[in-house]
Amino acid sequence: MVLKSIVANKLVRQVSLLLSGTMLVQLINFGFMPLVLRIYGPAEFGELGTFNALLLILFPLAALCLPMAVVQGRNRTQSRHIASLAWLVALGFSSLLFVLLLLFKQPLLVLLSVENIGNLVFLLPLAMLFAARLQIAQQILIKQQQFKVLAKADVLQALLVNLSRLLFGLWQSISAVLITIAAFGYMLHAILLQLFSGRAEPSWQPVSLIRHLGSRRYWLGLRRTLRKFRAFPLFQTPQALLNAAAQSAPVLILAALYGSTAAGFYTLAKTVLMLPAILLGRAVGDVFYPHFTKAYQQGKPLAGILVKATLGLAAVGLIPFSVFIVAGPWLFDWVFGAQWQQSGDYARWMAVWLYFAFVNTPSVKAVMVLQVQHWAIALNVLTLSLRLALLWFVGSHTGDPIKAIAAFAMVGVMHSAIFTLMALYFSKARQPC
């Protein structure tokens with residue numbers, strides 16, 4: 001009877017659907033990884049990691065986190081207005097970045113210590129635009145609860161991207177191949193979502209937006225929508241930028257201090273450790289977000305929902321992350337080859353940090369719904385400053401990248417623990433009027 005009730009629960013079915021798709025994606029990624037990493041070395045993987053680190057920092061600016069507000073739209077028109085705003089912002093920022101790179105490419109590369117990626121940096125504006133379009137499409141489908149479409153597109157995109165890495169790598173095993181495939185992977189993902197959803201061109205895409213250029217009523221609607229959801233560009237974007245900096249800083253600092261090989265070891269360790277986080281954290285987070293939003297809008301108690309989701313992730317993630325803490329170097333040597341053993345040493349420390357970040361997933365979503373992003377920003381500023389200072393200080397004074405990562409990871413643990421407590425406090429204290 002209890003089992004029947006669980007299976008019949010809509011939330012459980014939605015999580016299971018996304019989870020099955022995400023599981024297939026990660027099985028595909030992990031299945032191809034030993035083959036791909038025997039074609040590309042740590043240096044090539046490090047340059048890909050550097051490119052992705054820069055792109056991760058640009059993601060929040062791509063659409064000023066407005067796609068995340070689509071789920072909170074109270075009707076179809078409001079959600080469309082949010083999506084239109086996000087697309088306009090993405091077009092503007094991508095164009096601005098392209099112009100800046102045309103004018104100041106070399107000084108910017110030197111300033112960021114990423115000269116090794118050269119002209120491939122011009123793929124950043126394209127990838128930024130593709131990623132914004134992907135985010136908008138995903139949030140619209142989440143709003144419509146079309147989780148089957150999301151799962152199908154995720155699986156096919158992962159298969160095509162990994163096949164491209166493998167086949168093109170047999171032709172030329174250089175970082176340019178990895179970076180180009182990564183950039184256009186976002187465009188492929190967005191196209192697949194539109195194909196599987198079976199919809200005509202959405203109203204937020206360029207052709208439809210041009211039709212409304214002369215409509216004063218339309219632009220007034222966009223203005224009202226932006227005012228209502230201003231917390232996302234004003235507060236969520238800085239918070240996301242700080243989170244992105246925390247994620248990207250180790251790659252960029254390791255590349256600057258020790259070269260692209262050290263960055264490659266870190267990139268692989270994080271890629272592998274993110275498998276359980278992506279496998280479960282994203283599926284639970286994508287379903288938890290609209291569920292928590294609906295409960296908030298209906299005035300239901302929120303703390304219990306957040307506690308259950310957090311404790312569930314804590315229990316589920318304990319075993320997979322513990323495996324890396326205990327046997328990281330041996331696992332990396334056995335699965336990826338002897339040249340990647342040092343990556344397992346990185347993974348031991350990173351597993352502790354990423355476990356707490358994984359458990360923190362529902363709290364990140366809850367903070368957006370409760371609109372207390374300003375408190376999250378303050379916490380992120382404090383902890384990020386401490387993390388970056390320790391990473392640079394330990395790395396430059398000890399000459400040991402593993403010790404630097406260990407210091408960085410421990411502050412990350414502290415950050416996630418405080419963030420979870422903060423989200424729980426506001427879940428109890430704030431209810432909608």
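**Figure 1. Helices and overall make-up of the predicted model.** The protein has 16 helices and zero strands. The model shown is predicted. Of its 433 residues, 53% count as buried. The protein exposes about 19400 Å², and carbon and sulfur atoms supply 69% of that area. Among the contacts with a separation of 6 or more, 83% join residues that stand 24 or more positions apart in the chain.

**Figure 2. A nonpolar surface patch that includes L102 of helix α4.** Ten side chains are to be located in this view: L96, F98, V99, L100, L102, L103, F104, L108, L111 and L112. Together they make a nonpolar surface patch of about 930 Å². L102, one of these residues, lies in helix α4, a helix that covers residues 76-111. The relative accessible area of L102 is 55%. L102 is therefore classed as exposed, because the class begins over 50%.

**Figure 3. A positive surface patch that includes R223 of helix α9.** The patch is formed by the arginines R217, R223, R224, R227 and R230. R223 is placed in helix α9, which spans residues 216-228. With a relative accessibility of 55%, R223 counts as exposed.

**Figure 4. L64 and C65 in the loop between α3 and α4.** Helix α3 covers residues 42-63, helix α4 covers residues 76-111, and L64 has its place in the loop between them. C65 is also found in the loop between α3 and α4. L64 is not a glycine, yet its phi is positive, at about 55°. C65, likewise a residue other than glycine, has a positive phi near 60°.

**Figure 5. Side-chain surroundings of L64 and C65.** Are these two loop residues buried or exposed? L64 has a relative accessibility of 19% and so counts as buried, because the limit for this class is under 20%. C65 is buried as well, with a relative accessible area of 12%. In this view, L64 thus combines a buried place with a positive phi of about 55°. For C65, a buried place goes together with a positive phi near 60°.

Methods
Residues are numbered from 1 along each chain as its sequence is written. This is a predicted model: local features need pLDDT of at least 70, side-chain atom pairs count only at pLDDT 80 or more; totals for chains, interfaces and linings use all residues. Side-chain values use heavy atoms; hydrogens and water are left out. Patches are made of residues with over 30% relative accessible area and no salt bridge: like charges are joined within 9 Å, nonpolar side chains (Val, Leu, Ile, Met, Phe, Trp, Tyr) within 5 Å. Accessible areas come from the Shrake-Rupley method with a 1.4 Å probe; for residues, only the protein chains shown count as cover. A salt bridge is a side-chain nitrogen of Lys or Arg within 4 Å of a carboxyl oxygen of Asp or Glu. Lys and Arg count as positive and Asp and Glu as negative; His and the chain ends are not counted. The place of a charge is taken as NZ of Lys, CZ of Arg, CG of Asp or CD of Glu. Helices (H or I, at least four residues) and strands (E, at least two) are DSSP runs, numbered from the N terminus. Buried means under 20% relative accessible area, exposed over 50%, partly exposed in between (1.4 Å probe, protein chains only). Contact means heavy atoms within 4.5 Å.
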